[in-house]
Amino acid sequence: MKPLVLLDVDGVLNPTGPATPDFRRYRCTIDGTVYTVHLNPRHGPRLMELALRTGSELAWATTWERHANDWIAPRLGLPLLPVVPLGPDRGSEHGEMFKTRYVAEYVGRRPFVWFDDQVYKEDEEYLRAHQGLDDFLLVHVPPGRGLTSEHLALAREWLTLTGFSQGS
Ligand SMILES: [Mg+2]
């Protein structure tokens, strides 16, 4: 049972802050609406390396859902990834964000790391209480700058230390 590495798009791979030279701007057209995103082409190889080294599987956990495979993955050099299906926003029980229950349903008993700009203590508590899940790491990514090598290092360290790593 490979651990999952769950990826958000907005605020993680597409930061909200001023674009730095590492990022390229793209336009995406989804259902007639044009979205502008800023993507760092180095993110793809770094995520692939994380997955390879730790024996984990990348998956999308984003409101982009399947569109992430059309518009984001190819620009980062990522393959098509599994998508966590997100249903409607059914509200919050204890302050967790709406994605958290869908993530809980998707992961089942699999260990996972989750990169998101909106995961907080309430989400951690929800996952522990509702799933009896222990083996997960929520990595809160500040949305202004998005995913950095520090976040990737946290994930790698956790995946390695917890013994899920099947790589070196
Ligand atoms: Mg986000």
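What spacing do the donors of the magnesium ion follow along the chain? The tour begins at this ion, in a model that is predicted.

**Stop 1: the magnesium ion**

Select the magnesium ion together with D8, D10 and D117, which are its protein donors. The donor atoms, OD of D8, O of D10 and OD of D117, lie 2.1 to 2.2 Å from the ion. Along the chain these donors follow the spacing D-x1-D-x106-D, which answers the opening question.

Next, locate two of the donors within the fold. D10 belongs to the loop between β1 and β2, while D117 belongs to the loop between β5 and α4 (121-131), so this pair ties together parts that are 107 residues apart in sequence. Is D117 buried or exposed? D117 counts as buried because its relative accessibility is 12%, under the 20% limit for that class. D10, with a relative accessibility of 32%, counts as partly exposed.

**Stop 2: the sheet**

Select β4, β1, β5 and β6, and show them as ribbons. In this order the four strands form an open sheet, and their pairing is parallel. At the edges are β4 and β6 (136-140), each of which pairs on one side only. From one strand to the next, the twist averages 20°.

Now restrict the view to β1 and β4. These parallel strands are joined by four bridges, and L7 stands opposite W60 of β4.

**Stop 3: helices against the sheet**

Add α1, which lies across β1, β4 and β5 and runs at about 135° to β4. Then add α3 (residues 98-107), a helix that packs on the sheet and touches β1 and β5. The direction of α3 makes about 155° with that of β5.

**Stop 4: the nonpolar cores**

In soluble globular proteins, nonpolar side chains tend to be buried together. Select L47, W60, I72 and F115: within the largest nonpolar core, which has 31 residues, these touch the most other members. Elements that each supply at least two residues of this core include β2 (24-30), β3 (33-39), α2 (67-76) and α5 (149-161). A second, separate core has 18 residues, among them A59, V107, F112 and F136.

**Stop 5: the surroundings of W60**

Finally, centre the view on W60. Which residues is W60 in contact with, leaving aside its neighbours within four places in sequence? The list comprises L7, V9, L13, A68, N69, I72, A73, L78, L81, P82, V83 and V84. Two of these names have appeared before: L7, which stands opposite W60, and I72, from the largest nonpolar core.

Technical notes:
Residues are numbered from 1 along each chain as its sequence is written. This is a predicted model: local features need pLDDT of at least 70, side-chain atom pairs count only at pLDDT 80 or more; totals for chains, interfaces and linings use all residues. Side-chain values use heavy atoms; hydrogens and water are left out. A nonpolar core is a set of buried Ala, Val, Leu, Ile, Met, Phe, Trp, Tyr and Cys residues joined through side-chain atoms within 4.5 Å. Buried means under 20% relative accessible area, exposed over 50%, partly exposed in between (1.4 Å probe, protein chains only). Contact means heavy atoms within 4.5 Å. Donors are N, O and S atoms within 2.8 Å of the metal (3.2 Å for Na, K and Ca); water is not among the atoms, so sites may look incomplete. Two strands pair if DSSP finds at least two bridges between them. Axes are lines fitted to C-alpha atoms, for helices over the stretch in contact, and angles run from 0 to 180 degrees between N-to-C directions.
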